[in-house]
Amino acid sequence: MTSDQNEILDLAGMWCDERLSESSRTRLEHLLSTSDEALNLFVDYVQLHGQLQWEGGWTPLSLPAEAVGTESGVTVAGRRTDPVRQARYSGRRAISIAAAAIISVTAVVVLVVSQLQLDQGAGTDHAATGNEEHSDGSSDRLPDGGVELLEPIRLDSLTARNIPGDNDAAGESAVANGPVEEGVALHDDATVVARIDELLSQSWQENSASPSVVASDEEWVRRAWLTFTGRIPTVAEAQEFIASRSPRKRTELVERLLHNEQSAESLAVIWTNLLIGRSGSRGIDAEALFVFLEGQFRENRPWNETVNRLLAAEGRNDQVGETNFLLAHLNNQATPATAVVAKLFFCEQVHCMQCHDHPTASGLEQEQFWELNAFFKQAVREPITLTLPDGTEKRVWRLTDAERGGVTHFETRNGQQRAVLPEFAGHRLTGAASEDRRQALTEFLDADSEHRVARAMVNRMWAHFFGAGFTSPIDDMGPHNPPTHPELLETLTTAFVESDYDVRRLMRWIAMSDAWQRASSVEELNADLDPRKGGMPVFDRVYSRFMTPEEVYESIRVAVRSVGRQPLDSSIGSAHRREWVGQFVRSLENDENEETLTFEGDVSQALLMMNGEEIERALPLCVGAMLQAPENARRSAGELLTQLSLATIAREPSDAEEQVFRNRYRSLSSSMPLPEALSLALQDMLWGYLNSSEFITVH
Amino acid sequence: MAQHEMTTELDECARQDAPGEDFVRVLTQSQRALYLFILPLVSSPADAEEVLQETNVVIWNKWGQFEQGTNFLAWGRTIARLEVFRFRRSRYHRMALLGDDVMERIADRSEASSEDLEQRRDALSHCVGQLREKDRELIRQRYSGDVNGDQIALQLGRPANSVYQSIGRIRKTLLECIRRRMAMSAGGVR
């Protein structure tokens, strides 16, 4: 800080503390008159003081006496309150959280907005953007830039979970355990599922847990679509399922979803994020890796083949997508690669073992870390500069192996020098330069009698479906962290291996289990057995989890298009989604090349809606489109509200929600024509639904 | 219920006559922004309080002139500016006055930085979290009660000057931190 700056700031400080002498005041005023910088600093500083006053609970003795007497809850002047805490939620500009920079929902919404505009052609009143004045002088929408008259609608407290019982589907068996298609080795599937059911049932008895009721169709269809494809169903998709009278409709939907290409994409997104994170390092071609993974899942290639290809990949990273994984982690003598490989493929946390033995588990020793690390010692990253046809240059990488051998040195905690050769699961290499270490690793993995790779995948997949795995955390398996259901885990692991690492079948087994048909609501008796409260999961229900940012993005797209009666359009590419999600990501610089995702449950709602402007433009458009649809011309307000709730949370509005809607409609109509009031009330409800925790959870 | 029926039902709702809950709520919600707007325009925080009070009285009495659907804060600030002007004329006639043009510039800057209050508030929250324990405690003491530096100095057994200097230093640190965070956010905008 320069001395000039210091001077003005010191003066400003004295001003705030009311300690300005006459001469200092003169000096202050001189500086303000002659220096723009001083003026700005002064204002900023003084306002900082004001902010601190408010934060500290100080309130000026200022509101007129009449105001104090109303029921608004305004306190008598002088008492320590901060009435403007309510202002936090004013308007549709929700909380902006400094930690996450300015979030732009642009990518999603602008495209949606432009699509809607295109589709509506020469719009009418309701489809207008911006503040069009109508002939009666009222504005089309509430203004930005200010405090709105009405608070946004918060629906969480009103969320009513559907408890099936009066539902027609309740009487029928939720899942038919019979064969699904002809010709496949089906009795195996049924056997596996039956075994899962048996073992879980035992577990419920042992833990005195009684399982939740069967989930309603509404709850289940949303869960299924989200779990498989990473997005909520469109209204049409949900209705199709709910209306179906087939006794095996759940089984049929599972099959459809297993083969749905969006399921392959969803898995590919999940694994791309696991393998190389979301923040994108320079030179790494995330798109190429995604394409590789998507292909593997779409063709249902065996999981161990995918793992092996990732480990032994060679070639240019723009041509051989799988090389991008290791290329991202070969820094620091491949120590991150070692840690990440162990975490992702074995669900073992080894990074600390770089420096010392595992604190609690015997058998996981420092040596083993370096023995694994040694497999990556031949891997080499070569930069290549390409000249493109248009004359620009592009930097790519080649992953290859150098012909070298020898031991890997490391130092124990007490300063001893040790040396190891590549070794895994009892198989050791000789260290000769001609050995292809990474190739050998893949062979050792396949031969692993512990089936580490299979077990890890089972744990991950189970957690994906149920919201909790057999261990917590799921990527920390080992003797120090025994699984909750060892026999079940073994069964599934063995079945997975014997099926030749068939990912689809694994998903099918889990999806068709009796437990996965159940509601996520909590029965009285089950309340303690909640993994989120540190209790052991017994899978007496599906544990709800928050959506990932990618799921949120896709689901908002679906919801908004459903409301606006637009068909689902897959042309909005993953590049936009990546950009949007990227804003929540912050890279850490640690041994595992980790990153943090500043996107957790509650926060995510606020962050999502941060760039209120874009959402504010999209809401009127899609509600406008809904109102204009010919089939809605004669529909009641209540029916329109139902369309919103179906589009977002796949159920009918609760009585309470309907009440909120009618109250809002009534309030608004006291100050504007009814059609506008209806549109605004519907927009507010749509906003409320999108912001609700029910929307953003998978349950 | 058919839309037509609902129309009839709502037509019967009475309009409000006096400043109702909604108006009071929005007035309450804008207090902080108004205060922060007024603060740099007067001679001391105590004066700002008074001007805010005068402003509120005018807003209250003129509530009927406020056009629903327009920007309340902008309207409130217009009134506040007038009250500042009136206040200065009546109070500061003995003191060297800043020229109108300077006042104008201060008002513009003040208005601009009270636009992104939420962001500043969150930046402040973050920055306070970054302070050293001791510093944070001192700021807390200074701002959580009706205490000034002298009283704190008495409590802590330190010379008043030293306490004021510490508080000033901490505020400078906070300001720097906040400005940096605001700049970062601005840079991140699409």
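Trp462(A) and Phe466(A) are both buried. Their rings make a stacked aromatic pair, with 4.5 Å from centre to centre and 20° between the planes. Keep in mind that this is a predicted model. Here's a tour of the ring pairs, a disulfide and a few buried residues.

**Aromatic rings in chain A**

- Why can Trp462(A) and Phe466(A) be described as about one helical turn apart? Because they sit four residues apart in helix H17 of chain A.
- Their planes are 20° apart, and the pair counts as stacked because the cut-off for that label is under 30 degrees.
- If you search the whole structure, you'll find 30 aromatic pairs over all chains.
- One of them joins Phe228(A) and Phe465(A), which meet edge-to-face, at 5.4 Å between centres and with 80° between the planes.
- That pair bridges distant parts of the chain: Phe228(A) belongs to helix H7 (residues 217-229) of chain A, Phe465(A) belongs to helix H17 (residues 452-466) of chain A, and 237 residues separate them.
- Are Phe228(A) and Phe465(A) buried or exposed? Phe228(A) and Phe465(A) are both buried.

**A ring cluster in chain B**

- Which residues do ring pairs link into a cluster in chain B? Look for Phe23(B), Trp60(B), Trp63(B), Phe66(B), Phe72(B) and Trp75(B).

**Charges sitting over rings**

- Find Phe241(A) and you'll see Lys249(A) over the face of its ring, 4.9 Å from the ring centre.
- Arg395(A) has its charged end over the ring of Trp397(A), at 5.8 Å from the centre of that ring.

**The disulfide**

- How many disulfides does the structure hold over all chains? There is just one.
- Its partners are Cys127(B) and Cys177(B), and their sulfur atoms lie 2.0 Å apart.
- Cys127(B) is part of helix H7 (residues 117-130) of chain B, while Cys177(B) is part of helix H10 (residues 160-188) of chain B, so the bond ties together parts that are 50 residues apart in sequence.
- Why is this disulfide called left-handed? Because the torsion about the S-S bond of Cys127(B) and Cys177(B) is about -85°.
- As for where they sit, Cys127(B) and Cys177(B) are both buried.

**Two more buried cysteines**

- Over in chain A, Cys347(A) is buried, and its relative accessible area is 0%.
- Cys622(A) also counts as buried, at 0% relative accessibility.

**Asp17(A) and its chain B contacts**

- Where does Asp17(A) lie? You'll find Asp17(A) in the loop between helix H1 (3-16) and helix H2 (22-34) of chain A.
- Asp17(A) has a relative accessible area of 11%, so it is buried; the cut-off for that word is under 20%.
- The side chains of Asp17(A) and Arg142(B) are joined by a polar contact of 2.9 Å.
- Setting aside residues up to four places away in sequence, Asp17(A) touches Arg142(B), Tyr164(B) and Arg171(B).

**Asn308(A) in its helix**

- Asn308(A) has its place in helix H12 (residues 303-312) of chain A.
- With 14% relative accessibility, Asn308(A) counts as buried.
- What does Asn308(A) contact, leaving aside neighbours within four places in sequence? The residues are Thr442(A), Leu445(A) and Asp446(A).
- Asn308(A) and Gln439(A) are 131 residues apart in sequence, yet their C-alpha atoms are 8.0 Å apart in space.

Definitions and conventions. Residues numbered from 1 in each chain as written. Chains lettered and ligands numbered in written order. Predicted model: local features only at pLDDT ≥ 70, side-chain atom pairs only at ≥ 80, totals over all residues. Heavy atoms only, no water. Phe/Tyr/Trp six-rings, centres within 6.5 Å; stacked < 30°, edge-to-face > 60°. Helix = DSSP H or I, 4+ residues; strand = E, 2+ residues; numbered from the N terminus. Buried < 20%, exposed > 50% of the residue type's maximum accessible area, 1.4 Å probe, protein only. Lys NZ or Arg CZ within 6 Å of the ring centre and 35° of its normal. Polar contact = N/O pair within 3.5 Å; in protein donor to acceptor, adjacent residues only side chain to side chain. Contact = heavy atoms within 4.5 Å. Disulfide = S-S within 2.5 Å.
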